[in-house]
Amino acid sequence: MFLRSLSLLGFKTFARPTEIRFEGGVTAIVGPNGSGKTNIVDSIKWVLGSGQAKDLRGKKMEEVIYAGGERRSRAAYAEVTVVFDNTAGRLPVDYHEVAIKRRVERDGESDYFLNGTRVRRRDLIHILASTGLTVDSYAIIDQHDIETIVVCSPAERRALLEEAAQVRGVKARRQEAAQRLTELAQNLLRLEDLRSEIEPRLEVVRVQAAAAREAAEAQARLELLRGSIVWEEWREARDAHRRASSQAQSLEKRLVRARAGPILGGGVRRMARGDAGGAGPATQPAEHAGAAATGAGGG
């Protein structure tokens, strides 16, 4: 894996966009004291995930942002991009060229990008760990690191050898797994405490649940019985209504017949009286005739 380029904007003394290209072999950056040579090393550490200001020769992380000068105002953010040639596939990503960018605002918000995609610092460190290119590795050596390596303690020398053998990433993952197991054990203890606290109340809850089920079943039966009673009452009312309707129709017919009977009887009587009146005048001549005959005989 080879370093291709380094781009800086607003990082420490690099107020203007600056790009440094590495074409292969050994690249030396020469300049007088205070020209910003060490800032280039700091920018590589920073973009690879350095989270401590002291590693960048500062007190606060905000100090990495250009503070301004006589001819240029201070920058609002700092941004560094480093590009690697991943043709050999050392980085576990499907890109032949990998661009890692870090950007920090003055409010402290820091973002990481991998080929333009936002990623977490933890994921970026995990990707770089397989190559040994991490902030605490010896891929980047400062001036005081040489003396530190020479006079280091056995534990520090062991860490150096582990880094050279690329086993530090394995140990880091092992420690992370052990930490997760510890957290899991603590969660299990809390669950056991909750179980011991809730278990005495479980029987009461069971009784309440059984009572609630019985109440629900009783309510369902009650609703069913209410429906049956309403149906029965409706059927009885319907039958009573039918009987009443039949009786009313029967009474209506009798009333009609009763009203029609006197009318027919009066007509018959009137007809009989008419016949009797017609026979009376026919007898009067005979009576008159008898009376006349009587008179004649007396004379």
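In which helix do tryptophan 231 and tryptophan 234 lie, and how many residues apart are they? Both belong to helix H5 (residues 168–298), three residues apart, or about one turn of the helix. We come back to this pair in the last view; keep in mind throughout that the model is predicted.

**View 1. Six strands line up in an open sheet.** The order to look for is E2-E1-E3-E4-E5-E6, and the pairing is antiparallel. E2 and strand E6 (117–119) stand at the edges with a single partner strand each, so one side of each has no neighbour in the sheet. From one strand to the next, the twist averages 20°. Helix H2 packs on this sheet, where it touches E4, E5 and E6, and its direction makes about 45° with that of E5.

**View 2. Strand E4 shows its two faces.** In a regular strand, side chains take turns between the two faces of the sheet. Strand E4 (residues 97–105) does just that: Val98, Ile100, Arg102 and Val104 point to one face and are buried. Glu97, Ala99, Lys101, Arg103 and Glu105 point to the other face and are not buried.

**View 3. E4 sits between E3 and E5.** On one side, nine bridges join E4 to strand E3 (residues 77–85), and the two run antiparallel. Follow the rungs and you will find alanine 78 opposite valine 104, and valine 82 opposite isoleucine 100. Strand E5 (residues 110–114) is also antiparallel to E4, joined to it by five bridges. Here valine 104 turns up again, with serine 110 of E5 as its bridge partner. The hairpin of E4 and E5 has four residues between the strands, and glycine 108 in this hairpin takes a positive phi near 100°.

**View 4. Two charged side chains of E4 meet aromatic rings.** Lysine 101 lies over the face of phenylalanine 113, 4.9 Å from the ring centre. Arginine 103 has its charged end over the ring of tyrosine 77, at 3.6 Å from the centre of that ring. Both lysine 101 and arginine 103 point to the face of E4 whose listed side chains are not buried.

**View 5. A nonpolar core brings many parts together.** The largest nonpolar core counts 33 residues, and Leu6, Trp46, Leu48, Val64 and Ile100 have the most contacts inside it. E1, H1, E3, E4, E5 and helix H2 (121–129) each chip in with at least two residues. Zoom in on valine 64: leaving aside neighbours within four places in sequence, this residue touches Gly10, Phe11, Lys12, Trp46, Leu56, Ala78 and Val104.

**View 6. Two aromatic pairs, one tilted and one stacked.** The count of aromatic pairs comes to two. Phenylalanine 11 and tryptophan 46 make up a tilted pair, 5.4 Å centre to centre with 40° between the planes. Phenylalanine 11 is in the loop between strand E1 (2–9) and strand E2 (18–21) while tryptophan 46 is in helix H1 (residues 37–47), so the pair ties together parts that are 35 residues apart in sequence. Both phenylalanine 11 and tryptophan 46 are buried. Back in H5, tryptophan 231 and tryptophan 234 are stacked, with 5.2 Å centre to centre and 25° between the planes. Tryptophan 231 is partly exposed at 48% relative accessible area, and tryptophan 234 counts as partly exposed at 46%.

Conventions:
Residues are numbered from 1 along each chain as its sequence is written. This is a predicted model: local features need pLDDT of at least 70, side-chain atom pairs count only at pLDDT 80 or more; totals for chains, interfaces and linings use all residues. Side-chain values use heavy atoms; hydrogens and water are left out. Buried means under 20% relative accessible area, exposed over 50%, partly exposed in between (1.4 Å probe, protein chains only). Two strands pair if DSSP finds at least two bridges between them. Rings of Phe, Tyr and Trp (its six-membered ring) pair if their centres lie within 6.5 Å; planes under 30 degrees apart count as stacked, over 60 as edge-to-face and the rest as tilted. A charge sits over a ring if NZ of Lys or CZ of Arg is within 6 Å of the ring centre and within 35 degrees of the ring normal. A nonpolar core is a set of buried Ala, Val, Leu, Ile, Met, Phe, Trp, Tyr and Cys residues joined through side-chain atoms within 4.5 Å. Contact means heavy atoms within 4.5 Å. Axes are lines fitted to C-alpha atoms, for helices over the stretch in contact, and angles run from 0 to 180 degrees between N-to-C directions.
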